[in-house]
Amino acid sequence: MDKKIIFSGAQPTGYPQLGNYLGAFKNWSNLQEEYNCLYCVVDLHAITVRQVPADLRKASRNLLALYIACGLDPEKNIVYMQSHYSGHAELAWILNCFTYMGELGRMTQFKDKSAKNEANINSGLFTYPVLMAADILLFGTHLVPVGEDQRQHLELARDVAIRFNNIYGDVFTVPEAYIAKSGAKIMSLTHPEQKMSKSDDDNSQINLMDSPEVVMRKFKRAVTDSDTEIRYDKEKKPGISNLLEIYANSCGISLDSAIAHFDGKNYGQLKTEVGEAVVENVMQPIQTSFADISANKDYLDGIMKKNAEKAAYIGEKILKKVKKKVGFVV
């Protein structure tokens with residue numbers, strides 16, 4: 001482990017969308033030479049909301065396969081299931097005893113999710129930021145790719161790490177946020193002032209498993225404005241600016257090149273060409289690779305087993321140290 005460590009996880013609830021790929025997945029695959037990367041399907045986090053077991057198993061396998069289809073080499077990255085390594089849950093319990101109720105009560109996502117799930121405000125929903133902290137601290141993580149909605153959780157992980165280190169010495173690496181050198185912040189197609197999310201209504205986001213017909217239909221319905229000029233202005237023309245960013249990132253060209261390409265063209269041509277670029281350059285390669293990987297059960301099972309063992313090999317060193325520090329017989 002001679003390189004800095006990056007850890008990232010995603011819940012297996014619904015397929016990732018275009019914004020996930022262009023803003024994160026596409027760039028993650030470029031990090032594998034510079035960093036040691038762990039990409040975790042956080043199925044433990046998923047059960048804070050009631051899940052249909054068979055659906056969760058399928059979604060978890062699909063997300064793992066999709067990670068690989070999006071360019072993550074399972075030989076160069078540790079791509080695994082969270083529930084396949086019990087160290088996540090073990091460390092979370094220990095860290096619960098070093099996290100204050102007031103800290104958890106201030107988590108904005110707990111408030112938001114509680115409002116949406118009033119019939120199931122369980123203790124896991126309250127304490128899952130501690131599990132997230134355990135996910136990160138378990139591997140001596142240096143950098144964590146986070147969006148604004150998760151930054152508060154990273155700050156909690158940092159606070160808990162510092163608190164534990166102040167008591168027991170230099171045990172945890174205090175993680176920092178990873179800011180990608182390049183990557184797009186893709187906005188909703190129907191509300192371009194908001195970031196695209198897989199929880200959006202169907203017409204607002206492009207699911208990575210959408211068919212070409214569906215992708216084209218969604219882009220043709222994308223919100224623009226009453227003007228006719230194609231130019232980049234995120235404040236006055238958020239819809240057009242979003243389409244230009246999607247085109248540039250899908251084609252692997254600069255934003256200036258994308259703007260120049262559409263000079264003199266109309267909104268209809270813009271929507272059509274953006275949709276075609278996404279289908280040809282993003283969706284079709286990913287979906288073809290995903291189908292091949294998903295069809296090979298033995299291959300996927302082998303990756304899960306091998307990479308869970310790799311994760312455990314790294315995590316056990318820190319977990320054993322933590323257990324010894326708090327007084328457990330190890």
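These questions and answers walk through a predicted model.

Trainee: Which residues of helix α9 are buried?
Mentor: Helix α9 spans residues 212-220. Its buried residues cover an arc of only 165° around the axis, which puts them on the same side of α9. They are V215, M216, K218 and F219.

Trainee: Which exposed residues does α9 carry on the face turned away from its buried side?
Mentor: Exposed means over 50% relative accessible area. On the face of α9 turned away from the buried side, two names fit that label. They are E213 and K220.

Trainee: What covers the buried residues of α9?
Mentor: Look for helices in contact with V215, M216, K218 and F219. The cover includes three of them. They are α1 (18-28), α10 (238-251) and α12 (267-295).

Trainee: Which element gives the largest share of the largest nonpolar core?
Mentor: This core has 57 residues, and L18, Y67, F219, I246 and V274 touch the most other members. Elements giving two or more residues include α1, α9, α10 and α12. Nonpolar side chains tend to be buried together in soluble globular proteins. The largest share, eleven residues, comes from α12.

Trainee: Which residues does I246 contact, leaving aside its neighbours within four places in sequence?
Mentor: I246 is among the residues that touch the most other members of the largest nonpolar core. Three of its contacts, L18, F219 and V274, are on that list too. The full set is L18, L22, I186, L189, F219, V274 and V278.

Trainee: How many residues are in the second, separate core?
Mentor: This core stands apart from the largest one. Its members include V42, I136, L137 and A161. The count is 44 residues.

Trainee: Which elements give two or more residues to the lining of the second largest pocket?
Mentor: The second largest pocket has a volume of about 240 Å³. Of its 13 lining residues, L44, A92, G124, T127 and L131 are the closest to its centre. The elements asked for are α2 (43-46), α4 (87-96) and α7 (123-137).

Trainee: How many charged residues are in the lining of the second largest pocket?
Mentor: Sort the lining by class. Seven residues are nonpolar and six are polar. For charged residues the answer is no residues.

Trainee: Is S60 buried or exposed?
Mentor: S60 is found in helix α3. It touches P12, V41, D43 and M81, not counting residues up to four places away in sequence. Its relative accessibility is 5%, and the cut-off for buried is under 20%. So S60 counts as buried.

Trainee: Where does S204 lie?
Mentor: S204 is buried, because its relative accessibility is 1%. Leaving aside neighbours within four places in sequence, S204 is in contact with S188, L189, T190, H191 and M196. S204 lies in the loop between β5 (176-178) and α9.

Trainee: What is the distance in space, C-alpha to C-alpha, between S204 and A222?
Mentor: Start with the chain. S204 and A222 are 18 residues apart in sequence. In space, C-alpha to C-alpha, they are 7.8 Å apart.

Trainee: Which label fits I259, buried, partly exposed or exposed?
Mentor: I259 lies in helix α11 (residues 255-261). It touches Y232 and L244, not counting residues up to four places away in sequence. Buried needs under 20% and exposed needs over 50%. At 25% relative accessibility, I259 therefore counts as partly exposed.

Conventions. Residues are numbered from 1 along each chain as its sequence is written. This is a predicted model: local features need pLDDT of at least 70, side-chain atom pairs count only at pLDDT 80 or more; totals for chains, interfaces and linings use all residues. Side-chain values use heavy atoms; hydrogens and water are left out. Buried means under 20% relative accessible area, exposed over 50%, partly exposed in between (1.4 Å probe, protein chains only). Helices (H or I, at least four residues) and strands (E, at least two) are DSSP runs, numbered from the N terminus. The arc is that of the directions from the helix axis to the C-beta atoms. Contact means heavy atoms within 4.5 Å. On a 1 Å grid over the protein atoms alone, a cavity is a set of points where a 1.4 Å probe fits but cannot get out, and a pocket is an open set with protein on both sides within 12 Å along at least five of seven lines; lining residues have an atom within 4 Å of a point. Grid points are joined across faces, edges and corners, and a volume is the space filled by probe spheres set on the points. Ala, Val, Leu, Ile, Met, Phe, Trp, Tyr, Cys and Pro count as nonpolar, Asp, Glu, Lys and Arg as charged, and the others, Gly among them, as polar. A nonpolar core is a set of buried Ala, Val, Leu, Ile, Met, Phe, Trp, Tyr and Cys residues joined through side-chain atoms within 4.5 Å.
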